[in-house]
Amino acid sequence: MPLTPTKIRTKEIMKMPEPSENRSSYAATVLDVPEVATTNSNLRLMKTRVRRVSPPQEASFLKLDNGDLADLIENPENPDQTLFAVCHDGDVRYADKVECNGQTFVPMPRNSALLSDVRLPRGVQPYGTLEILIRRMRGFIAKCVRLPGDYLLLLVYFMIYTQFDDLLPIAVCLLVLGLPGSGKTTLLELLRLLCRRAIMVSDMSLAATSEICTAFTPTFLMDENEWGCNRGNIALRQLLRAATTQHALARRKGSVTRIFGPRVLTALKPPDDPGLMRRWIQMPMTEVNDVELIKPDDPRLSQEVETLQSMLLQLRFDLYPKIKPAVIQGPEAKALRPGTRDILGSLAAPFTDFPEAGQFLAAFLSVFHDSQSREPLSTVQNAIVAALFRFIHETPNSQAALVGGIGWTANQALAEAKERVRLSPKGAGGLLSSLGFARRVRTNRGSAVLLDLNLRKEVHRLVEDYGNDYVAQWIGTTGIGNCELCAKQAGGAK
Ligand SMILES: [Zn+2]
């Protein structure tokens with residue numbers, strides 16, 4: 001958490017503490033010997049150098065000038081107290097205060113209203129390797145909920161990612177969907193145990209969010225959300241859309257506050273809000289009747305929770321200096337939408353030494369996120385794609401297609417489908433650009449789009465990914481001839 005430097009107010013400096021005043025809440029003020037202004041003999045221009053010794057400041061996390069990290073833990077001997085776990089060159093000690101540049105920092109107290117419900121680690125413990133830790137967490141989660149393999153692993157990676165969310169520019173959010181009794185609340189309970197500083201909130205208003213975010217960097221958990229159209233819900237959606245980027249700040253009562261952080265929400269159904277759905281990973285849950293499952297708060301699991309939390313803190317200390325958004329190579333990662341690649345960059349950031357995780361996450365997001373959250377193309381966009389598709393199949397050797405001609409063909413398709421909308425030449429140009437075909441060549445008959453291999457591939461991809469009724473109808477009457485790209489797609493689909 002960034003610490004705001006103590007501001008010195010003139011009134012405080014000039015006011016000397018009365019004997020009866022509570023010294024612990026008052027900044028002791030030291031007035032040094034005044035410097036004589038040499039450029040002006042007027043003594044009234046004498047400067048006064050003021051140094052202030054501040055009272056201890058509360059902190060939830062510190063990165064000290066010497067590279068040491070101090071993170072908040074629960075005192076293992078007294079659950080009502082907090083301590084710092086201080087990591088210096090890989091060695092960890094516990095301390096009830098930390099000094100830095102003449103400033104004393106004390107751990108945020110356990111009894112502060114916001115922190116009282118947060119489950120903190122009670123120390124650090126070695127975890128072996130990241131792979132061993134992942135396996136152990138999978139085993140733990142599987143004791144409490146039934147999730148298909150891909151989602152189970154996603155959940156483990158998400159929990160690990162939350163240990164570093166304060167270092168990453170994009171916050172990852174999960175939306176757990178399922179009917180009542182499908183185990184959504186149990187899943188939140190699990191996340192509360194193993195995500196970093198997870199906090200269950202019933203109110204995710206701007207006021208509540210910014211207060212918690214300013215105090216410490218939490219993982220927000222919120223059960224049973226509804227997506228109505230009342231003012232509160234609309235405000236919540238706006239906040240959720242904004243809160244996924246690190247630089248997102250909200251203005252509240254004239255001041256600027258933080259609202260950033262990973263979130264997990266549960267709901268019966270997804271919101272009808274494409275902007276939100278592009279930023280959220282959906283996680284469906286179905287009811288299972290399995291007598292072997294144990295509640296996350298079962299005393300039989302408490303020792304394992306404590307161990308895993310301590311291991312996750314050790315992992316944070318180990319990886320903290322090198323965490324940055326991951327750049328995943330490979331065709332699956334490259335094919336992701338830019339926004340999804342940002343989510344992947346954050347989610348995969350802790351796994352640079354375990355590339356399997358990055359590859360898994362790229363494939364997962366491609367199959368379960370990008371395809372589900374994709375907005376359909378509009379009618380006119382589909383007509384433009386269909387027109388391009390016709391051009392590259394009917395005249396496979398032509399180098400370029402006039403924008404006016406593409407618009408005319410698109411209008412023909414719209415008319416045949418009894419759509420009332422028609423495109424102007426300018427409208428066709430704008431739509432081509434919106435689909436990523438912005439490059440033009442000028443010809444003596446007007447501007448044209450180059451029908452190069454990139455464009456041909458992209459048009460095939462758009463038809464394949466989004467489906468296109470105009471294209472389907474056209475293929476149905478004329479066939480595709482011997483197009484290599486169509487043949488390749490048909491081969492890949494088998
Ligand atoms: Zn083709």
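Me: Leu62 stands opposite which residue in strand 5?

Reply: Leu62 stands opposite Ala70. The model is a predicted one.

Me: What makes strand 4 and strand 5 a pair?

Reply: Strand 4 (residues 61–63) and strand 5 share three bridges, in the antiparallel sense. Pairing needs at least two bridges, so the requirement is met. The two strands also form a hairpin, with five residues between them. Gly67, in the turn, has a positive phi of about 95°.

Me: How do you know that strand 5 pairs with strand 6?

Reply: Strand 5 is joined to strand 6 (residues 82–88) by six bridges, and the two run antiparallel. At least two are needed, so these strands count as paired. Within this pair, Glu74 stands opposite Thr82 of strand 6.

Me: Why is strand 5 called mostly covered?

Reply: Of the six residues in strand 5 (residues 69–74), five are buried. A residue counts as buried if 20 or more other C-beta atoms lie within 10 Å of its own.

Me: Which strands pair with strand 9, and in what sense?

Reply: Strand 3 (residues 57–59) runs parallel to strand 9 (residues 103–107), and three bridges join them. Strand 8 (residues 98–100) pairs with strand 9 in the antiparallel sense, also over three bridges. In both cases the minimum of two is reached, so both are pairs.

Me: What is the bridge partner of Gln57 in strand 9, and what is that of Val98?

Reply: Gln57 has Phe105 as its bridge partner. Val98 has Phe105 as its partner too. Strand 8 and strand 9 form a hairpin with two residues between them. In its turn, Asn101 has a positive phi of about 50°.

Me: Why are strand 17 and strand 18 called edge strands?

Reply: The sheet is open and has three strands in the order 17-19-18, with antiparallel pairing. Strand 17 (400–402) and strand 18 (440–443) each pair on one side only, and they are the edge strands. Neighbouring strands of this sheet are turned by 40° against each other on average, direction ignored.

Me: How do you know that strand 17 pairs with strand 19?

Reply: Three bridges link strand 17 and strand 19 (residues 446–450) in the antiparallel sense. That satisfies the requirement of at least two, so the strands pair. Leu402 stands opposite Ala448 of strand 19.

Me: Where does the largest nonpolar core lie, and why?

Reply: This core has 85 residues, and Tyr157 and Leu191 have the most contacts inside it. Helix 3 (residues 149–161) gives the largest share, 10 residues. Domain 2 (57–107) and domain 3 (130–318) both contribute residues, so the core lies between them. Leaving out residues up to four places away in sequence, Tyr157 touches Leu347, Ala357 and Leu361. Another core lies apart from this one; its 29 residues include Ala413, Ala428, Leu462 and Tyr470. In soluble globular proteins, nonpolar side chains tend to be buried together.

Me: What makes helix 4 mostly covered?

Reply: Helix 4 (residues 184–194) has 11 residues, and eight of them are buried. Among the buried residues are Lys184, Leu187, Leu191 and Arg192.

Me: Why is Tyr320 called partly exposed?

Reply: Tyr320 has 18 C-beta neighbours inside 10 Å. Buried requires 20 or more and exposed requires 12 or fewer; the value of 18 falls in between, so Tyr320 is partly exposed. Tyr320 sits in the loop between helix 8 (302–319) and helix 9 (331–334). The C-alpha atoms of Tyr320 and Leu167 are 8.2 Å apart, with these positions 153 residues apart along the chain as the separation.

Me: How is the packing of helix 12 against helix 16 described, and what residues make the contact?

Reply: Two packed helices are described by the angle between their axes and the distance between the axes. For helix 12 (residues 379–394) and helix 16 (residues 469–478), the angle is about 35° and the axes are 8 Å apart. Helix 12 contributes Asn382, Ala383, Ala386, Phe389 and Arg390, while helix 16 contributes Tyr470, Val471 and Trp474. By class, this contact has six nonpolar, one polar and one charged residues. Arg counts as charged, so the charged one is Arg390.

Me: How many helices and strands does the protein chain have, and what percentage of its residues is buried?

Reply: The chain has 17 helices and 19 strands. Buried residues make up 34% of its 494 residues.

Methods:
Residues are numbered from 1 along each chain as its sequence is written. This is a predicted model: local features need pLDDT of at least 70, side-chain atom pairs count only at pLDDT 80 or more; totals for chains, interfaces and linings use all residues. Helices (H or I, at least four residues) and strands (E, at least two) are DSSP runs, numbered from the N terminus. A nonpolar core is a set of buried Ala, Val, Leu, Ile, Met, Phe, Trp, Tyr and Cys residues joined through C-beta atoms within 7 Å. Domain bounds come from an automatic or database domain assignment. Two residues are in contact if their C-beta atoms, placed from the backbone, lie within 7 Å. Axes are lines fitted to C-alpha atoms, for helices over the stretch in contact, and angles run from 0 to 180 degrees between N-to-C directions.
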